[in-house]
Amino acid sequence: EGDVFKYYTDGEWKKSASGKSVAIINPTTRTTQYKVQACTQEEVNKVIESSKIAQKQWAKTPLWKRAELLHKAAAILKEHKAPIADCLVKEIAKPAKDSVTEVVRSGDLISYCAEEGVRILGEGKFLVSDSFPGNERTKYCLTSKIPLGVVLAIPPFNYPVNLAVSKIGPALIAGNSLVLKPPTQGAVACLHMVQCFHLAGFPTGLISCVTGKGSEIGDFLTMHPGVNCISFTGGDTGIAISKKAGMVPLQMELGGKDACIVLEDADLDLVAANIIKGGFSYSGQRCTAVKVVLVMESVADALVEKVNAKVAKLKVGPPEEDCDITPVVSESSANFIEGLAKDAKTKGATFCQEYKREGNLIWPLLLDNVRPDMRIAWEEPFGPIVPVIRISSVEEGIHHCNASNFGLQGCVFTKDINKAILISDAMETGTVQINSAPARGPDHFPFQGLKDSGIGSQGITNSINMMTKIKSTVFNLP
Ligand code: G3H
């Protein structure tokens, strides 16, 4: 049966009164790896109550002290990178080296939040009234940034630690308290990460971590009147949350169908390398993965050949052996990906490699001659399958990109900087990368999606600002 990991509240690790647990299935072995507590709604109520109380005191804690604690947590997290990375390997089948990178990147992100926070929040504004018509210089306005209160953070399975701290760091430096609801796959990595904050000595109740079934506590958390801000990264659930959430600021990073537009003058070796990195790293399970290649017909054969040569070199196997392609997160995910591949097969796509699957492990696949009537042309596989659509004009590529309901990132490969800028302007996505695959980082860059890809903008600076509100005091002179 094995132990059930406890949840974290009031500075302590506790068992849920439900007596129930949630199983975490190892995607590689497809057996239960860990179990976490199935918290109840009553426990969520208590967590939010403590969080509210802790926040009031924290908001009064000097900014430099908040920053000091965050730096400490960052250092402890980095010290414990090995056991946390090990959880990532077992819970989400992330390749071993990438798992370590995720934890180190998270430590750096927390430190950067502390540094950025003291600068941004250390400054306010001073305004005078006589610039607006009809006013004398009789009003002085002072503004500063104040915290929102209790921030609810819901990260996804693909970066359970990193996308948790990208919400925790900004929330805490800005004077908020934080309730974390980890994804089921990745929950134990999150609990270990929270232990690092515990060791750093944050005040009791300031950070909590509740685990459980989405059906039991998901809506209850997101619709809770005690929550003052929701930062969510994930899939369609985010759209449902946005509709149900109350009058609180939302930060949503949802899916993407990032297009890679390849012009005739592109450096095809560079493009091929970026399709491999962008399309196949972590087996395509990134919202910023290259999810459709739109290549000019005249260079398509040459590009496909180069990509195929690189696909052949990808190591397929378990995450422990640091393979490039590892099992996808769940059986249902693998079934979904398989459904997309079958649909493309029926409709006549060219399979550059044979479709192969063992359990949750799907071999990397490049699909050439994909047409708009195929599901893979529009849907997000979140797996190691990259479709190629051959285009006869750049406009056709831009049109395909913009016809998507998603608008996260996109990329364009060309040596002509003028064309690159014009195409970037025409693409309806939050970011366009020129001559590189889409990516969220470096983590202080703004990160946002248009349309169904999200609400608001992330990146360290934007998140800190989003998790605060402006407060002004106006001096009225006689
Ligand atoms: O999956 C969504 C992540 O925000 C993507 O982050 O570009 O660093 O892989 P990444």
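In this predicted model, the ligand sits among Arg105, Asn158, Tyr159, Leu163, Glu253, Arg286, Cys287, Thr288, Ala439, Arg440 and Phe447. Three of these residues are worth a closer look in your viewer. Start with Asn158, where a polar side-chain atom comes to 2.7 Å from an oxygen atom of the ligand. Then turn to Arg286: an N or O atom in its side chain is 2.6 Å from a ligand oxygen. With Cys287 the backbone takes part, since one of its backbone N or O atoms lies 2.8 Å from an oxygen atom of the ligand. How much of the ligand's accessible area does the protein cover? On its own the ligand has 310 Å² of accessible area, and the protein covers 96% of that.

From the ligand, let us move to the nonpolar interior. In soluble globular proteins, nonpolar side chains tend to be buried together. Here the largest nonpolar core has 64 residues, and Ile168, Leu172, Leu180, Met193, Phe197 and Phe202 are the ones with the most contacts inside it. Helix α6, residues 187-200, is the top contributor to this core, giving ten residues. Met193 makes a good place to pause. Setting aside neighbours within four places in sequence, Met193 is in contact with Leu77, Ile84, Val161, Ala164, Val165, Ile168 and Leu180. There is also a second, separate core, made of 57 residues, with Cys260, Val304, Ile325 and Val328 among them.

Val304 leads us on to helix α10, where Val304 is one of the buried residues, along with Val299, Ala300, Leu303, Val307, Asn308 and Val311. What lies over them? The cover for these buried residues includes strands β12 (258-262), β13 (290-296), β17 (365-368) and β18 (385-391), together with helix α9 (268-280). The length of α10 can be checked too: the helix runs over residues 297-311, and because each step along a helix adds 1.5 Å, its 15 residues should span 21 Å. The C-alpha atoms at its ends are indeed 21 Å apart, in agreement with that expectation.

Our last stop is His400, in helix α12 (residues 394-403). Is His400 buried or exposed? Its relative accessibility is 8%, and buried means under 20%, so His400 counts as buried. The side chain of His400 reaches the backbone oxygen of Ala377 at 3.0 Å. Not counting residues up to four places away in sequence, His400 touches Ala377 as well as Val292, Leu294, Trp378 and Ile389.

Note on methods:
Residues numbered from 1 in each chain as written. Predicted model: local features only at pLDDT ≥ 70, side-chain atom pairs only at ≥ 80, totals over all residues. Heavy atoms only, no water. Helix = DSSP H or I, 4+ residues; strand = E, 2+ residues; numbered from the N terminus. Expected span 1.5 Å × (residues − 1). Buried < 20%, exposed > 50% of the residue type's maximum accessible area, 1.4 Å probe, protein only. Contact = heavy atoms within 4.5 Å. Near = heavy atom within 4 Å. Polar contact = N/O pair within 3.5 Å; in protein donor to acceptor, adjacent residues only side chain to side chain. Areas by Shrake-Rupley, 256 points an atom, 1.4 Å probe, with all protein chains shown as cover. Core = buried A, V, L, I, M, F, W, Y, C linked by side-chain atoms within 4.5 Å.
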